[in-house]
Amino acid sequence: MTRTLFAVTISPRTPVIIGVAQVSHRPDNSPSDTGTADRSLPDAVDLMAQAVRAASVDTRAADAAVRNAIDTIAVVGGLWRHQNPGALIAGELSLTQPIRSILTTFGGNMPIKTTHELAAQIAAGELDVAVVAGGECNLTRRVLEKQGRKPRRREEPTGTDVERRGDVLDMGDRFANDRGGEIPRNSYAVLDSAIRASRGETLDEARDRAARLWAGYAAVAAGNPHAADRQGLDEGAIRNPSAGNRMVSWPYTKAMCANNTVDQAAAIILCSTEKADELGVPQDRRVHPSLCVNAEDTLTLLDRADVAATPGLVGAAAAVLDALGTADAIDHVDLYSCFPSIVTLTTEAFGLDPSRRLTVTGGLAFAGAPLNFAAGQGLVGMVDTLRADPGSVGLVQGNGGHATKHSIGIYSTSAPTTPHTIVDVETHDAPRPLADPDRAGEAAVKGITVEYDHDGPARAIAIVEFDDTSRMWAISTDPAVMELATRVETVGRRVSVEGGEIRLL
């Protein structure tokens, strides 16, 4: 049986988002002599449970009825060590019904991917009401560490099963780790240098580009009550190092880097259309997840055919645009913003004007987000944005690894004209070979950054390519190399490599 809404026939199994919420906490930094653990402080489970409660209220239906109808709780993996956070959340909510508990692997794409996987299961009749949640209390953990205190520990429930989802996120091998290539602030800065060189930008032009993008994100964060940084920094304050904004990985200052040191959580409740009807969810609260496109690039920048390119992302964007017809059909976007390089690549892939509003939250640098859940909070913000602009179309991007895993979701309050769809895009670029990490000889720099500590530049980190096209990570603590990399274009320069160390020719 089907029903008609806005002159469009809707299957009763059509998935719909009915409730969203974000919660945040700012711990007291004052000293305490109450012992080494403080049970009055929230942990990630507390915040995620609060977010689910608030999301059930957000449906404008009977919130207790909504919570009691939940049959699935999916939690995106975080820095905490809970083995079954879904069951812990159900306990905090005093849910008595059987709960299917899901825990995903790491990856900034997982909130979008998981939301649409659950939507597909709703459409197939495999579940009715699902929650996607993520949260961290990293800020509280840091405050407690400074005070010599420990966060409280939870007893894990026994006799409950948890379903694991997602491939393990591989961020690099031992040599990538030792040489700094796997640290996201470095890998995305190296990616930015390759983009700069491919565009023919000067170093100053590339820094200006990044600062312009981030000033737009900062302006949105200024109006977000949950944002970690609501200063609304301008381009100059973002671009230029200062006492409160040190250089981190050239050209990225602290203001250009993702911030996961937050106490934040968010939750998304989705269900079938018939269940939304049964619960009494008003039509103006409903947002339809219509399309998800997933794609992957190589796990590391080392073996990517072109260090400056992400063919998986380009393919994903092409699939979205093919479904929508044109980029002009996208009214609102929330582009994943761990670092400026991924936003630059995404705007190019979609043909979006980089001066337009690219976020509904303020992004990872300013709004902040739990580890792996920035796209989840972006989706919460997008639902609110679409409700305020009925009939508009929104896009939310998730990105995981070193610009490796891409999940892009499309949403609207308008009733869908086609069934919910998940598209997996395959890319076929052959990966470049990896060089022996101890290889010596002449090579060309394909991407480079300088990593800073609190005392100044610490080491240059680069991808170098030998004449046989094999690549490796290499470093240098030579002040001349570090100074060169921050003064003139070094991508494309020939260097000598021995023992993983770069020497100028």
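Two strands count as paired here if DSSP finds at least two bridges between them. Helices (H or I, at least four residues) and strands (E, at least two) are themselves DSSP runs, numbered from the N terminus. With that in hand, strand E11 (residues 288-296) and strand E14 (residues 405-412) turn out to be antiparallel partners, joined over 8 bridges. One of the residues involved is Cys292, whose bridge partner in E14 is Gly409.

A word on what is being looked at: this is a predicted model, in which local features need pLDDT of at least 70 and side-chain atom pairs count only at pLDDT 80 or more, while totals for chains, interfaces and linings use all residues. Residues are numbered from 1 along each chain as its sequence is written, and side-chain values use heavy atoms, with hydrogens and water left out.

Now for the overall picture. The protein chain comes to 15 helices and 20 strands. Taken along the principal axes, its C-alpha atoms fill a box of roughly 75 × 60 × 45 Å. The radius of gyration is taken over C-alpha atoms, and the globule rule is 2.2 Å times the number of residues to the power 0.38. For 505 residues a compact globule would come out near 23 Å, and the protein chain has 23 Å, so the two agree. Of the 505 residues, 57% are buried, where buried means under 20% relative accessible area, exposed over 50% and partly exposed in between (1.4 Å probe, protein chains only).

Back to the strands. E11 and E14 sit in an open sheet of 5 strands, with the order E12-E13-E14-E11-E15 and mixed pairing. At the edges are E12 and strand E15 (421-424), each of which pairs on one side only. Neighbouring strands of this sheet are turned against each other by 15 degrees on average, direction ignored; the axes behind such angles are lines fitted to C-alpha atoms, for helices over the stretch in contact, and angles run from 0 to 180 degrees between N-to-C directions. Strand E11 is also home to Asn294, which counts as buried because its relative accessibility is 9%. The C-alpha atoms of Asn294 and Gly315 are 9.3 Å apart, with their positions 21 residues apart along the chain.

Elsewhere, strand E4 (residues 72-75) and strand E5 pair in the parallel sense over 4 bridges. Ile73 has Ser101 in E5 as its bridge partner. E5 (residues 100-104) is largely enclosed by the rest of the structure, since 4 of its 5 residues are buried.

Among the helices, H14 (residues 374-388) makes a handy check. The expected span of a helix is 1.5 Å times one less than its number of residues. For the 15 residues of H14 that gives 21 Å, and its end C-alpha atoms are indeed 21 Å apart. H14 is mostly covered, with 13 of its 15 residues buried.

Aromatic rings come next. Rings of Phe, Tyr and Trp (its six-membered ring) pair if their centres lie within 6.5 Å; planes under 30 degrees apart count as stacked, over 60 as edge-to-face and the rest as tilted. This rule yields 3 aromatic pairs. In one of them, Tyr188 and Phe339 have ring centres 5.2 Å apart and planes at 25 degrees, so the pair is stacked. Tyr188 lies in helix H7 (residues 184-199) and Phe339 in the loop between strand E12 (332-334) and helix H12 (340-350), so the pair ties together parts that are 151 residues apart in sequence. Tyr188 and Phe339 are both buried. Phe339 also stacks with Tyr252, at 5.8 Å centre to centre and 10 degrees between the planes. Here the link runs from strand E9 (residues 252-253), which holds Tyr252, to the loop between E12 and H12, with the two residues 87 apart. Together, Tyr188, Tyr252 and Phe339 form one aromatic cluster.

A few backbone details round things off. The peptide bond from Trp250 to Pro251 is cis, with omega near 5 degrees, and Pro251 lies in the loop between strand E8 (247-249) and E9. Ser94, though not a glycine, has a positive phi of about 60 degrees; this residue lies in the loop between helix H3 (85-92) and E5 and is exposed, at 55% relative accessible area. Ala403 likewise has a positive phi, near 55 degrees. Ala403 lies in the loop between strand E13 (393-400) and E14, and counts as buried at 0% relative accessibility.
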